[in-house]
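Colleague: I have a new model open and would like to learn how to read its empty spaces and its helix packing. Could you walk me through it?

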Amino acid sequence: MTIKKKIVGLALAVALLGSIAATVGFVGHTAASAASAPPAVNARQALVMDYHTGQIVYEQNAKAHQPIASMVKIMTLLRCFEEMESGRFDVETEITVSQNAASMGGSQAFLDAGSVYKAGELLKSIIVASANDSCVAMAEYLSGSVDSFVDSMNTRAQALGLSDSNFINCTGLPAPGQYCCAHDAAVMMRSLIKHPLFFEYAGVWMFDFVHPGGRVTGLTNTNRMIRTYTGCDGGKTGFTNEALSCLTATAKRGDTRLISVVVGAPDSKTRNAEMTKLFDWGFANYQTKKIVDCTQPIADIAVNNGKSATVSVRAKEDFYHFTENAASAELQIDYVYDTVTAPVHIDGVVGKILIRNGEETIGEVDIVATADVDKVGYLDVVDDFIHKW
């Protein structure tokens, strides 16, 4: 893989050339071997997806309607984190547990009915130990009832384009009419792991869940892959007699982050072994490289009628390129912008970055200002004239 840089526009600062040279290192050399055949997976369904682009590189029966057991909680958690991000609650918010929540079977944190728990601890128990009672407590707090919360889960699934999912509850416990698939589980996980707090909890191996009365429940992570697979830093397991053993997990090596799904393996040992094969195959045959880094300045561009003559600009977001290790590409990055006129607002769009592979444009990223630049006023002009006189 090679890369060329081109700048289109007027009023470039001299420092720009140094910035461009520094960004060439974002793209590395590719391997010379061809991609190997994907592994056969001992499960009903399987899938491998690149996190950054959403590209699927392997799937086995990935859209068939199946029960996925506690992997339903991926959507439950996604809805919780989205509500947290919107300001509805935070980790310190106190939540009173109903009798209905405390009576849940299956995996539990063994919550006390009528007791008050912090939302962060409930979320942590869901991610680490797949606690059904904590799921119901969060659902009732956020939506008033489990049914209303499940409606929001299905609405969110539709918004994500998940046409092969239907949720009846928020726990994944067996329920007539509830189904999902490997493809939809991967898409849900891709959205969930955009929330950093998920990883903070997902990496916890064991913790003591302390109840308000002082009672302690020891909880252990159901996703053993965080200890057995290098780079695995999160996931969601599931098991029922109907669904068999399931796992959606993510692992990162270098710039490459993969999401893999196994649905319906005969047991947890097989499930983890099949997940290991999928990750090994994915990392051996594919790579992601960061082509555009939003933390790096691109240039100082001229500002007309501004209190500052220039403003520094950067990419609004990162851009990643995902390819087979053996693939060769000659990428060209075009920085397209011109002189801007004050006022300029921080994070305001002032241009575009175009990423091309030959004649094909494979991506666009906005260029934004890194600071405010106010418009020059009458008094500024007078003051400038006096200083120069």
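**Pockets, cavities and a helix pair**

Modeller: Gladly! Let's start with one strand: β8 (residues 232–240) contributes 4 residues to the lining of the second largest pocket, and no other element gives more. Keep in mind that this is a predicted model.

Colleague: How does one find such spaces to begin with?

Modeller: The general idea is that a probe the size of a water molecule, rolled over the atoms, shows where empty space is left. Here, the second largest pocket holds about 170 Å³ of space. Of the 15 residues that line this pocket, S70, S107, S130, F239 and T240 are the closest to its centre.

Colleague: What classes of residue make up the lining of the second largest pocket?

Modeller: The count is 11 polar, 3 nonpolar and 1 charged.

Colleague: And what is the volume of the largest pocket, and which residues line it?

Modeller: Its volume is about 250 Å³. The lining consists of Y51, H52, T53, R190, K194, E317, D318, F319 and Y320. By class, the largest pocket has 4 charged, 3 nonpolar and 2 polar lining residues.

Colleague: Now for the cavities. How many of 30 Å³ or more are found in the whole structure?

Modeller: The search turns up 2 of them. For the second largest cavity, the volume is about 60 Å³. Around this cavity are P67, I68, A69, V72, G172, L173, P174, A175, Q178, Y179, T240 and E242. Its lining comprises 8 nonpolar, 3 polar and 1 charged residues. You have met T240 before: it is among the residues closest to the centre of the second largest pocket, and it also lines the second largest cavity.

Colleague: Let's turn to helices. How do I describe two that pack together?

Modeller: In general, you give the angle between their axes and the distance between the axes. Take α4 (residues 119–129) and α5 (residues 132–143): they pack at an angle of about 135 degrees, and their axes are 8 Å apart. Because of that angle, α4 is oblique to α5.

Colleague: Is the crossing of α4 and α5 left-handed or right-handed?

Modeller: Left-handed.

Colleague: Which residues meet where α4 and α5 pack?

Modeller: From α4 come A119, L122, L123, S125 and I126, and they meet S134, C135, A137 and M138 of α5. Sorted by class, this contact has 7 nonpolar and 2 polar residues, with no charged ones.

Definitions and conventions:
Residues numbered from 1 in each chain as written. Predicted model: local features only at pLDDT ≥ 70, side-chain atom pairs only at ≥ 80, totals over all residues. Heavy atoms only, no water. Axes fitted to C-alpha atoms, helices over the stretch in contact; angles between N-to-C directions. Helix = DSSP H or I, 4+ residues; strand = E, 2+ residues; numbered from the N terminus. Parallel < 35°, antiparallel > 145°, perpendicular 65-115°, else oblique. Left-handed = near helix turned anticlockwise from the far one by under 90°. Contact = heavy atoms within 4.5 Å. Nonpolar A, V, L, I, M, F, W, Y, C, P; charged D, E, K, R; others polar. 1 Å grid on protein atoms, 1.4 Å probe; cavity = no way out; pocket = protein on both sides within 12 Å on 5 of 7 lines; lining within 4 Å. Points joined across faces, edges and corners; volume = space filled by probe spheres on them.
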